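The exercises below concern charged pairs and a surface patch. Work through each task before reading its solution.

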Amino acid sequence: MKMTGGQALVAQLLEEGVSDVFGIPGVQLDWAVEALRQQQDKIRFIVPRHEQAASYMADGYARTTQKEGVSMVVPGPGMLNALSGLATAYACSSRTLFISGQISSDTIGKNLGQLHEIPDQSGILKSLTKWHRLVRQPEEIAEAVHEAFVELRSGHPRPVALEVPPDALQSEATVEILGAAQERRIAPEAEDVRAAIELLRSARFPTIHAGGGAIGARASEAVEKLAEILQAPVCMTEGGRGLISDDHPLALTTLGQRALLPHTDLVLVLGSRFVDARGLPWHTSDNCKFIYVNLDADHLGTPRQSGVAIQADVRATAEALLDALSGHSAEVSRVEQVAKVKAWQTAQTSQIAPQNQYLDAIRSSMTAEDILVSELTQVGFYANVAMPLSGPRKLVTPGYQGTLGYGYPTSLGAAAGNPDQRVVSITGDGGFGWGMQELATANRYGFNVTVVVFNDGHYGNVHRIQKRVFGETYVSKIANPEFVTLAKAFGIPSTQVDSPEGLAAALAKAHETPGPHLVDARVGEMMSPWGLIHPFVPSATPAPENPLGTPHR
């Protein structure tokens with residue numbers, strides 16, 4: 001049918017199942033925004049106060065639902081402002097579509113000083129996406145949107161980008177709207193499955209190391225069954241937390257993995273890079289063998305130790321392994337040993353105070369279905385290891401990107417996608433400064449988000465590092481507004497507390513009513529949690545002896 005490019009854009013988004021778009025309007029996007037207005041009963045255009053919030057919200061939406069997140073901004077400064085959210089989505093393998101406006105198609109690349117023009121905008125976007133396309137004609141737009149969703153629903157889940165000039169959005173053409181892209185899962189090769197089964201059947205003490213790729217593949221059920229058949233503990237990375245419930249007798253974090261790896265003789269790596277923050281593979285015993293399952297070939301080879309490398313979908317592979325292991329039964333139960341490691345984990349996390357008390361206060365008013373968005377703050381670092389989770393997509397972090405300030409805007413995207421759940425955003429006063437204007441967005445849309453601002457008057461991690469390394473601190477102190485007054489100015493209920501008990505009471509009261517809330521938690525300097533997160537960082541407290549004893553050589 002004949003329609004404008006903007007109408008074609010929105011029509012194809014609807015065909016792909018999109019119900020929410022996060023973005024900020026501007027002159028290059030006028031015809032797309034008008035098309036959204038015409039379809040406002042089917043698709044919601046959520047407008048934050050800053051472009052970075054748009055891309056963060058799309059990421060939070062994607063990682064807490066089973067839908068793609070879509071953001072849209074003007075070219076040049078709008079696109080540049082949103083790149084931090086795009087980089088975070090890339091680091092966290094998030095399925096997001098980033099739609100950027102462009103300057104008029106006949107002026108692209110000519111350096112004529114057009115409004116919002118920057119050199120090689122396309123090149124910038126290509127560096128942070130798995131797929132990119134610049135369309136110049138209205139009849140290309142629907143097909144390009146469809147192609148974007150084909151990429152989002154196949155292979156390694158990462159952001160994709162589409163650039164559309166204003167003349168293509170305004171012009172009319174006869175357009176064909178295509179059927180929705182289907183999810184394409186890459187099955188493992190039969191020869192690879194046979195090689196993996198040979199190792200699994202002969203393993204004395206197998207361990208599963210599961211990352212965010214396992215959650216992205218929706219592999220929880222298959223991995224849990226596989227773990228039970230093999231009696232293999234499941235050690236979940238930060239990105240893999242919640243793949244199986246922490247209550248499961250075989251569930252551990254990577255903190256517990258430290259006690260296991262000296263004893264295990266086979267590691268099945270599912271959807272993880274299997275390297276630490278230094279880019280080095282996890283340390284294991286010398287005779288350990290490996291099976292790597294990942295959609296990305298770059299995550300199957302060096303610097304990792306050699307092993308069976310399977311470039312395939314985690315769920316498809318786990319299901320193939322289950323079929324091949326039909327009738328197999330592990331010789332011993334590992335439940336008792338894992339229980340000892342769980343206690344060993346708890347013995348270490350319980351010593352990190354006051355973070356443990358504050359996390360208990362946060363948990364006290366959350367249900368198993370609620371979502372925690374963890375910012376780069378001392379309680380957040382701790383929560384990434386210590387927060388008990390009952391299932392996937394209940395904990396959101398910035399991954400290796402470590403994007404300070406991402407937390408509150410990201411939590412609003414999670415709330416948009418999960419309107420029946422409470423989202424709790426924990427942030428420091430430093431990180432909250434990046435997105436505090438989004439209190440206006442929370443109020444406008446009534447998002448069910450409680451933000452806890454841990455307020456110590458510093459960039460806390462910078463403060464600790466400078467003090468430890470140099471013996472002095474420099475420029476880590478910050479000047480804050482009165483957060484309670486700020487929240488009131490935005491029409492949001494707020495409370496100030498100065499203890500874990502006060503926080504628990506404030507959260508209980510806030511969660512009695514839906515909508516946004518803010519808690520200003522006044523805190524002091526906290527004990528370092530980094531020893532819990534990275535095995536190469538000295539622990540703030542002595543680690544207990546390995547509960548499984550000295551490994552046999």
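**Exercise 1.** Describe the contact between the side chains of R44 and D20, and place both residues in the chain.

Solution. Step 1: R44 and D20 form a salt bridge with an N to O distance of 2.6 Å; the term requires a side-chain nitrogen of Lys or Arg within 4 Å of a carboxyl oxygen of Asp or Glu. Step 2: R44 belongs to strand 3 (residues 44–46) and D20 to strand 2 (residues 20–23), so the pair, 24 residues apart, links distant parts of the chain. Helices (H or I, at least four residues) and strands (E, at least two) are DSSP runs, numbered from the N terminus. Step 3: D20 is buried at 7% relative accessible area, while R44 is partly exposed at 32%. Buried means under 20% relative accessible area, exposed over 50%, and partly exposed in between (1.4 Å probe, protein chains only).

The model is predicted: local features need pLDDT of at least 70 and side-chain atom pairs pLDDT 80 or more, whereas totals for chains, interfaces and linings use all residues. Residues are numbered from 1 along each chain as its sequence is written, and side-chain values use heavy atoms, without hydrogens and water.

**Exercise 2.** Find the salt-bridge partner of R363 and state where the two residues lie.

Solution. Step 1: the partner is D360, with the closest N and O atoms 3.5 Å apart. Step 2: both residues lie in helix 15 (residues 355–364), separated by 3 residues, about one turn of the helix. Step 3: R363 is partly exposed at 36% relative accessibility, and D360 is also partly exposed, at 44%.

**Exercise 3.** Is K394, which pairs with E369, buried or exposed?

Solution. Step 1: the salt bridge between K394 and E369 has its closest N and O atoms 3.2 Å apart. Step 2: the pair links distant parts of the chain, 25 residues apart: K394 is in the loop between helix 16 (378–386) and strand 16 (395–396), and E369 in the loop between helix 15 and strand 15 (371–374). Step 3: K394 is buried at 13% relative accessibility, whereas E369 is partly exposed at 45%.

**Exercise 4.** How many salt bridges does a search of the whole structure find, and which residues are joined into one network by shared partners?

Solution. Step 1: the search finds 21 salt bridges. Step 2: salt bridges with shared partners connect R185, D313, R315 and E319 in one network.
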